[in-house]
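Work through the exercises below with the sequence and the model side by side. Try each task before reading its solution.

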Amino acid sequence: PQYNQYIFNNLILNPAYAGTKGIKNISATYSTQWVGFSGAPSTRTLSYEGPVLKNTGLGVHLIDDKIGVQSYQGLFGSYAHRVILNENFTLSLGLAVGAANFTLDGTRLLTEVDYDPAITNVYVNKIRFDSKSGLFLNSNRFYTGFSVSGLLADVMKSNDIEVASQSRHYYLTSGYVFDLNDDFKFKPSFLLKEDFKAPTNIDLTAFFLYKEKIWIGTSLRTGTAHLRNKDLDASLRKRNALAIMTEWYIKEELRIGYSYTVTTSTLKNYSGHEIQLGYFFPEKMTPKMKTPRYF
């Protein structure tokens with residue numbers, strides 16, 4: 001799945017993020033790519049996370065991802081343990097476990113030859129155990145995280161050619177918040193995604209925050225050839241897209257975000273949209289608790 005506004009809810013990528021904000025919050029995302037293109041990907045997520053004890057965070061994350069006749073549903077519970085390194089930095093170690101349901105709807109497949117034995121014409125699904133792990137280091141203005149999904153991908157191979165095997169994915173992200181003046185803050189960040197099979201995927205993002213209320217930014221997503229599989233088709237080596245995003249704190253505890261994506265490669269005639277809603281549960285908040293909402 002591709003996310004533009006992962007910056008405001010890193011739990012969808014990294015279980016170590018649970019509880020780092022210091023307050024309980026819930027977030028929902030709906031993302032659709034290449035609107036109007038048959039079988040285009042769409043993703044829905046719902047997550048909740050927050051602190052439970054002084055150094056413990058818990059979270060739950062649901063995902064529904066579809067592309068063509070394939071779909072994936074996952075439910076994960078996350079545990080994070082935070083270690084205070086010094087007065088500025090905290091390191092969080094996280095683990096998520098759950099179940100994933102992989103589905104192929106063969107009844108929607110079209111073939112040139114009737115009753116092609118190589119192509120299924122039935123509905124197939126497999127439920128598998130799944131897990132993720134991660135690290136998240138942050139201060140009031142800086143953060144960096146590393147996480148791995150599909151930890152058992154090499155162990156739980158699929159013998160069923162109708163349902164694809166899991167693939168382990170690696171995520172590395174980091175960002176920093178700068179003060180420009182009394183009204184504006186600037187936050188550059190990046191996200192690197194890798195599975196050592198497809199092209200390395202990098203998101204470069206620049207956000208401006210106005211009066212602690214409105215985020216406006218842009219993100220460039222590009223595929224690079226640094227760690228790609230040498231057997232990969234040359235047409236897949238560069239996959240570029242540009243996203244324009246905004247996030248608005250309607251109230252102190254309520255935010256809404258939207259992003260518009262333009263693909264700059266072959267699918268440039270098809271745009272993408274993403275909507276995100278977030279809610280912080282009201283409670284007594286210290287200034288130190290407010291700053292983590294930057295990320």
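**Exercise 1. Decide whether Leu 62 is buried, partly exposed or exposed, and place it in its surroundings.**

Solution. This is a predicted model. Start with the strand: Leu 62 sits in β3. Next, take the accessibility. Leu 62 has a relative accessibility of 39%. Buried requires under 20% and exposed requires over 50%. Leu 62 is therefore partly exposed. Now look at the surface around it. Leu 62 belongs to a nonpolar surface patch of about 600 Å², together with Ile 26, Leu 46, Tyr 48, Val 60, Leu 75, Tyr 279 and Phe 281. Finally, ask which strands contribute. β2 (42–53) and β3 (56–67) each supply at least two residues of the patch.

**Exercise 2. Describe the environments of Thr 29 and Ser 31 in turn.**

Solution. Take Thr 29 first. Thr 29 lies in strand β1. Its relative accessibility is 6%, so Thr 29 counts as buried. Its side chain has a polar partner: a contact of 3.0 Å links it to the side chain of Gln 276. Beyond neighbours within four places in sequence, Thr 29 contacts Thr 43, Arg 44, Thr 45, Glu 274, Ile 275 and Gln 276.

Now Ser 31. Ser 31 is found in β1, which spans residues 25–32. Its relative accessible area is 7%, so Ser 31 is buried. The Ser 31 side chain makes a polar contact of 3.3 Å with the side chain of Glu 274. Leaving aside neighbours within four places, Ser 31 touches Gln 2, Pro 41, Ser 42, Thr 43, His 273 and Glu 274.

Compare the two lists. Thr 43 and Glu 274 appear in the list for Thr 29 and in the list for Ser 31.

**Exercise 3. Find which residues touch the most other members of the largest nonpolar core.**

Solution. The core holds 32 residues. Tyr 6, Leu 13 and Trp 215 touch the most other members. Then turn to the strands. β4 (70–84), β5 (90–105), β11 (200–210) and β13 (241–249) each supply at least two core residues. Zoom in on Leu 13. Not counting residues up to four places away, Leu 13 touches Tyr 3, Tyr 6, Ser 147, Tyr 171 and Leu 191. As background, nonpolar side chains in soluble globular proteins tend to be buried together.

**Exercise 4. Classify three loop residues: Gly 106, Lys 211 and Glu 212.**

Solution. Gly 106 is in the loop between β5 and β6 (123–138). At 3% relative accessibility, Gly 106 is buried. Gly 106 touches Thr 120, Asn 121, Val 122 and Tyr 123, with residues up to four places away left out. Check the spacing to Val 69 as well. The two are 37 residues apart in sequence, with 7.1 Å from C-alpha to C-alpha.

Move to the loop between β11 and β12 (214–224), where Lys 211 lies. Lys 211 is not a glycine, yet its phi is positive, about 50 degrees. At 46% relative accessibility, Lys 211 is partly exposed. Glu 212 is in the loop between β11 and β12 too. Its phi is also positive, about 60 degrees, although Glu 212 is not a glycine. At 28%, Glu 212 counts as partly exposed.

**Exercise 5. How many helices and strands does the chain have?**

Solution. Count the elements: 1 helix and 15 strands. Add the burial: 45% of the 295 residues are buried. Last, the contacts. Among those between residues at least 6 apart in sequence, 55% join residues at least 24 apart.

Note on methods:
Residues numbered from 1 in each chain as written. Predicted model: local features only at pLDDT ≥ 70, side-chain atom pairs only at ≥ 80, totals over all residues. Heavy atoms only, no water. Core = buried A, V, L, I, M, F, W, Y, C linked by side-chain atoms within 4.5 Å. Buried < 20%, exposed > 50% of the residue type's maximum accessible area, 1.4 Å probe, protein only. Helix = DSSP H or I, 4+ residues; strand = E, 2+ residues; numbered from the N terminus. Contact = heavy atoms within 4.5 Å. Polar contact = N/O pair within 3.5 Å; in protein donor to acceptor, adjacent residues only side chain to side chain. Patch = residues over 30% accessible without salt bridge, like charges linked within 9 Å, V, L, I, M, F, W, Y side chains within 5 Å. Areas by Shrake-Rupley, 256 points an atom, 1.4 Å probe, with all protein chains shown as cover. Salt bridge = Lys/Arg side-chain N within 4 Å of Asp/Glu carboxyl O.
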